[in-house]
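The following paragraphs lead through a protein chain, moving from its surface to its interior and its sheet. The reader may wish to keep the coordinates in view throughout.

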Amino acid sequence: FPVTISKGVLGRKESHVVLNDKLPDVLKILASTQMLTLTPGNYAEGRMTTIEAGANGLGLINEYSLNRSDFRHKDRKPIVLRARKTVEEKKKKKPGKELEPPDTDEAKRMAAEVDRLNDYLSKQVIEYVGDGQDVDDERKTTHRVFNNGSLSEGGRLYGDFWQSLAGSKEGKSDEREDDICINGEHLVGLDCGQIAVRILYSFEGVQIDMEDAYLLPGWENSREGIKKLLNTMINDPNSQPRAVKKLFGDGRGLKLPELTEAAIASIYQHHGPIRGHFAGTSTGRLFYEESNHLMRLLMELIDMDIPALLYRDWE
């Protein structure tokens with residue numbers, strides 16, 4: 001397991017409390033008692049210091065039948081509320097400061113739903129059966145994270161091990177469906193197709209008039225390119241959307257700037273009712289509605305005693 005003992009990291013205000021200037025001494029003491037093995041890193045070779053259980057450490061682990069969950073911090077509260085990110089936090093891609101959720105009936109209701117989900121999943125046998133080396137399939141509890149200091153923005157689920165596994169992409173199989181079993185059975189994946197686009201249409205009180213929101217007239221061979229570009233326009237307020245040329249087939253023979261301009265113009269033409277939500281203006285509200293919808297679905301499945309895992313593809 002890699003661990004930093006860099007003086008440039010230890011003791012930083014934003015670092016975990018464990019990462020302080022006493023850590024190197026603690027590791028040396030544990031190594032001297034064979035509780036762990038300490039392998040020093042090498043800055044010039046780009047190799048971090050690593051630790052692994054030593055002979056005495058393994059002996060105690062076996063004697064008391066310990067597993068990974070015994071070495072983790074206690075599970076997060078079911079509801080995590082984060083403040084709006086500061087400019088510095090955005091620059092460093094760090095989360096906003098964690099706040100205390102309000103003591104309201106709505107907050108209690110949402111927390112109770114997450115607790116119910118975690119309790120139900122804890123009674124199922126959920127196993128990772130793939131060949132990944134760093135998958136901790138004992139990490140089964142989840143929590144909802146809300147953003148911008150509001151319980152009406154965000155709300156997606158985090159914390160469980162299946163979120164980190166890869167979905168199907170570019171011909172590759174879905175690692176979650178292939179490598180996770182619940183009560184001895186492999187998963188069957190169900191896709192909430194184009195949910196973001198459809199929720200945005202609902203915000204406007206407009207019925208979407210196309211079966212496939214990403215299959216635009218004139219761009220039939222570029223569905224994946226339109227999908228990628230449209231989701232960037234919906235979710236990312238900080239970028240200038242650019243087409244990914246390899247997802248656009250022959251690209252109509254256009255250079256990237258012209259291809260991007262033409263594709264964006266077509267998106268505006270065919271998705272005019274939701275153009276006010278482009279440039280990431282509704283991301284927090286969108287995630288909130290999406291997560292609420294999926295939480296309701298999970299509660300209904302629990303009522304029917306059908307175990308299900310909620311995961312998403314990160315685009």
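On the surface of this predicted model, Leu60, Tyr64 and Leu66 form a nonpolar patch, their accessible area together being about 280 Å². Tyrosine 64 belongs to the loop that connects α2 (55-63) with β4 (79-82). Its relative accessible area is 55%, and because the threshold for an exposed residue is over 50%, tyrosine 64 counts as exposed.

The patch is one feature of a chain whose accessible surface comes to about 19,700 Å², with 52% of that area belonging to carbon and sulfur atoms. The chain contains nine helices and 10 strands. Of its 315 residues, 36% are buried. Contacts can also be sorted by separation in sequence: among those between residues at least 6 apart, 56% join residues at least 24 apart.

Some of the strands can be followed in an open sheet of three, arranged in the order β1-β3-β2 with antiparallel pairing. Its edge strands are β1 (2-3) and β2 (36-39), each of which pairs on one side only. The pairing of β1 with strand β3 (residues 49-53) is antiparallel and extends over two bridges. Within this part of the sheet, valine 3 stands opposite threonine 49, a residue of β3. Helix α1 (residues 23-32) lies across β1, β2 and β3, and runs at about 125° to β2.

Charged side chains provide another route through the model. The structure holds 10 salt bridges, among them several that involve residues of helix α4 (residues 105-122) or its surroundings. Which residues are linked in a network of salt bridges? The network consists of Glu106, Arg109 and Glu113. Glutamate 106 forms a salt bridge with arginine 109, the closest N and O atoms lying 2.7 Å apart. These two residues are separated by about one helical turn because they are three residues apart in helix α4. Arginine 109 also forms a salt bridge with glutamate 113, and here the closest N and O atoms are 2.9 Å apart. Arginine 109 and glutamate 113 lie four residues apart in helix α4, again about one turn of the helix.

The members of this network can also be described by their accessibility. Glutamate 106 has 36% relative accessibility and therefore counts as partly exposed. Arginine 109, at 34%, is likewise partly exposed. Glutamate 113 has a relative accessible area of 16%; because buried means under 20%, glutamate 113 falls in the buried class.

A further salt bridge joins lysine 108 to aspartate 103, with 3.3 Å between the closest N and O atoms. Lysine 108 is partly exposed, with 48% relative accessibility. Aspartate 103 has a relative accessibility of 67%, so it counts as exposed.

From these charged residues the path turns to a buried helix. Why is helix α6 (residues 195-203) described as largely enclosed by the rest of the structure? Seven of its nine residues are buried, so helix α6 is largely enclosed. The buried residues are Ile195, Ala196, Val197, Ile199, Leu200, Tyr201 and Phe203. They pack against α7 (223-235), α8 (256-270) and α9 (283-303). Helix α6 is followed by glycine 205, which has a positive phi near 65°.

The walk through the model ends in the segment after α9, where leucine 310 is found. Leucine 310 and glycine 189 are 121 residues apart along the chain, yet their C-alpha atoms are separated by 9.8 Å. What is leucine 310 in contact with, leaving aside its neighbours within four places in sequence? The residues in contact with leucine 310 are Leu157, Trp162, Gln163, Leu294 and Leu298.

Methods:
Residues numbered from 1 in each chain as written. Predicted model: local features only at pLDDT ≥ 70, side-chain atom pairs only at ≥ 80, totals over all residues. Heavy atoms only, no water. Salt bridge = Lys/Arg side-chain N within 4 Å of Asp/Glu carboxyl O. Buried < 20%, exposed > 50% of the residue type's maximum accessible area, 1.4 Å probe, protein only. Contact = heavy atoms within 4.5 Å. Areas by Shrake-Rupley, 256 points an atom, 1.4 Å probe, with all protein chains shown as cover. Patch = residues over 30% accessible without salt bridge, like charges linked within 9 Å, V, L, I, M, F, W, Y side chains within 5 Å. Pairing = 2+ DSSP bridges. Axes fitted to C-alpha atoms, helices over the stretch in contact; angles between N-to-C directions.
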